[in-house]
Amino acid sequence: MDLAAAARTASGAVRRLSGPGPVTAALIVAVAAGGVVAALHLPPVPLVTEAPLPGWVGLVVLCAAFVVAEVGQIHVEIRRQAYSFSLTGVPLLLGALYCPPDVLVVARLASAAAVFAAQRLSPVKSAFNLSAYLLDTALVVLVAHQLVQPSDGIEVATGVAAYAAMAVSDVVTCALILAVIQANTRSVSRADVVEIFLTAAPAVVVSTHAGLLLALLASTGSLGWGLAALTTVTVVTVHQLHTVLRRRHASLQLVKDFVEIEVDGPEQPSAAGDRTCALLQHVRTVLRAEHAQLLVPAADGDGWTVLRQAHEDPDSVEATSDAPVTGRRAAEGPLLQAAARGPVLVGSGTRHDEQRAWLATVGARDALACPLSNQADEGVLLLRDRLGDTATFTRDDLAMLQTLAGHLAVKLRAARLVEQLRHDATHDPLTGLPNRSALEHRAAAALAAQAGGGPAPAVLALHLSKIDEVNAVLGHRVGDELVVAVAARLVQALPGAVVAHLAGHDFAVLLAAGPLDPFAASRAVAHALQEPVQLSGTAVSVGASTGIAVAVAGEDPADLLRRAGTAESSARAARSGPVLHTAALDEGRAERVGLLADLHQALEEDQLALHFQPKLDLALGVVTSVESLVRWDHPRLGRLSPDVFVPLAESTALVDPFSHHVLGKALRQARRWHDGNVDLSVAVNLSAHNLHDPHLVERVAAALATAGVPASRLTLELTESSLVDDPRHTAEVLEHLASIGVTISLDDFGTGYSSLSYLQRLPVRELKIDKSFVRGLESTASPEAAAVSAALIRSITSLKDVLGLRVVAEGVEDFVVLERLRDLGCDIIQGYVISRPLPADELDLSLLRWTAQDRGPQRLV
């Protein structure tokens, strides 16, 4: 076993033995002292007195054998160290058998000194190795002479003594190797000890066995010399084959380990840069390079940018990875340009002037470079300085780098994809801001910090105004542009806060740290939205209603966001400034939850009743239809206004069952009237939420078929505000409803987002003028108000002939207004002047004809 090559190739850990200098110096002195003491007690004669090659010839052959044995080495790499075992034990054993001990020591030290000089080994390492050789040689001779007396030939006892001496020397040498590791890495593991001894033991057995065999063969004469030469060639050949196979197996294992490496845990996802550094660090470790870099072409196409790099820390066994390095490395340009086209190996003996200049510029001994994949713009891997003073990169290393580069490219693409998926799962695609999931995750961390004694986080819930109007008038693209612009303003106005986009109108802000208090943050929001937002071709003013919730102990993120939303709803309803959530706001919520449960029960038990208000056709003087209005006599609370429970149903998933329950009751009543020879059509109100029911048309058709009522006897009334949320989808739904014969009526026309484009695109056949316009015609109204109302109603009725519509005026309460509406062109009248909404069994069916002359109802006979 050869300790010299072991220490020589352990350059990564030893770092020219300048790192832990005092420890190394003390170790050299101790080994040298032990070797001198042992050499002073050497016996004067060899173990075998008759040598096959006596005199100077044998000495020359012995020295040559020492030199040759230094070349063939078995390398063992442990982290940053490379330890080498050679067959110098063979000439050492032969010298111990046939050479005088003092001559043997001189021959081995002289041969080693010559090899070290040729290899330009540092003085410190040369001194350490020569000291170790002195101790090693002296121990072999002393142990052998203690076990057996010198004789004329090789006997069994001589062989046993040789094995024992070589074993003792091996143990001492392994201990010195472990001392080197401990001195330079401060860490010797049990695995290191096992690997050193398991690798050294076979070398000792082989060396001793080969030395004894050669000695026996050489002592038999010419035939023995021939067999000795054949045996030597065989051993060297087998050794080389073993080395090649072992290297190939190690390479396959390294590739397997790299492919299976896990650099990202599912519980704690790392950033893409950390993942890249981990992979690059593994490439550097596999190829035993001091430096590894991943470079990409600069954005402007001029030079290269170091994206990530990994290198060895000279003062620690651990490696470090640097953050991204900006800027260019102009000196590496020619090399990287070549590497972008294919793999490049640059050694110290290169004949290319540019490569030699590059090595000198960066202070490197050798380098490997290859493109990350066939697409060179993905990057180039650059490795510099093979660990070990005498070790250098080889073609095998270059092939390994190409293999690892391919796997690295695949892993980095997969990592980028995973990172993108994670980003998409936690961010809003329109604004790029965190979404609700990400906000709740951040809020959970802030709440955990609060439990540990940190400040209480707060959440601002924001609801933007004017988005619906922008979508309806300018289109959704401009509406999206407005949302993006507002998002940018919020982020700029609230530095340090987490701004999230929850939905089209809704944002939320998490205040988890910093001096900004919730009301100061709300003022910053108001200031940010004060100036109109400049959009494509127009400027839009936008406001926001704000709700504030401050976290309380033991609260979860969902509840914190809910309380902020409740406060925002209160601020929006009151058209006030920011509202701080208090327990009083939740009291109303508890009542709503209870009322919602009661409403669900009311649907199941058919507690809802319908009242019907007649609609008079002015031209015919006949009541031709009725509007269905839902009523609820609550078992505990008594008669509830529809304004209380209808919005409650519309704000929950109960809206569809509620609407279809009312529709079914109205159609069944229409059938009963039909069976009693009263031909009336019924009108039923639909909510904007009903238009998002994918089965709305099928359910309406099924209700008509079940009740046995023609579709022409059903009118569905919708408010203008229900049309602007998604006009394209709304148009498709209404077209399908109209195709089955249902009449579509537009309620409260003139108060919402009136647009003639609705009347052109949508299959609307009836317009209902809002009662606020009708009241302007009453006698109590001022002349100016009456003139404005009349003009607006006239403008609406002027559309009916052009678009084929009928116009309904609701809220008519006296005869004067009725006649005025007739003069203005209204077709149908609805209001208390005809009848209040009444249950079907109380509705006077004689109200079927009306004459203006008598100012009263006339019964049909």
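## A buried glutamate

A polar contact is a pair of N or O atoms within 3.5 Å; within protein, one must be able to donate a hydrogen and the other to accept it, and residues adjacent in sequence count only if both atoms are side-chain atoms. Glutamate 717 makes one such contact, side chain to side chain, with lysine 768 (3.2 Å). This is a predicted model: local features need pLDDT of at least 70, side-chain atom pairs count only at pLDDT 80 or more, and totals for chains, interfaces and linings use all residues. Residues are numbered from 1 along each chain as its sequence is written, and side-chain values use heavy atoms, leaving out hydrogens and water.

Glutamate 717 sits in strand E20 (residues 714–719). Strands (E, at least two residues) and helices (H or I, at least four) are DSSP runs, numbered from the N terminus. Is glutamate 717 buried or exposed? Its relative accessibility is 1%, so glutamate 717 counts as buried. Buried means under 20% relative accessible area, exposed over 50%, and partly exposed in between (1.4 Å probe, protein chains only). Leaving aside neighbours within four places in sequence, its contacts include Lys615, Glu627, Asp747 and Glu766. Contact means heavy atoms within 4.5 Å.

## Nonpolar cores

A nonpolar core is a set of buried Ala, Val, Leu, Ile, Met, Phe, Trp, Tyr and Cys residues joined through side-chain atoms within 4.5 Å. The largest core has 76 residues, and Leu714 and Leu821 touch the most other members. Helix H22 (residues 655–675) gives this core its largest share, 7 residues. Another core, of 30 residues, lies apart from it. Leu62 and Val141 are among the members of that second core.

## An open sheet

Which strands form the open sheet? The order is E10-E11-E9-E14-E15, with mixed pairing. Two strands pair if DSSP finds at least two bridges between them. E10 (498–501) and E15 (579–580) are the edge strands; each has a single partner strand, so one side of each is left without a neighbour in the sheet. E10 and E11 (residues 506–511) run antiparallel, joined by 4 bridges. Valine 499 stands opposite valine 509 in E11.

## Helices on the sheet

H17 lies across E9 (458–464), E10 and E11, at about 15° to E11. Angles run from 0 to 180 degrees between N-to-C directions, and axes are lines fitted to C-alpha atoms, for helices over the stretch in contact. H18 (residues 518–528) also packs on the sheet, touching E9, E11, E14 (544–550) and E15.
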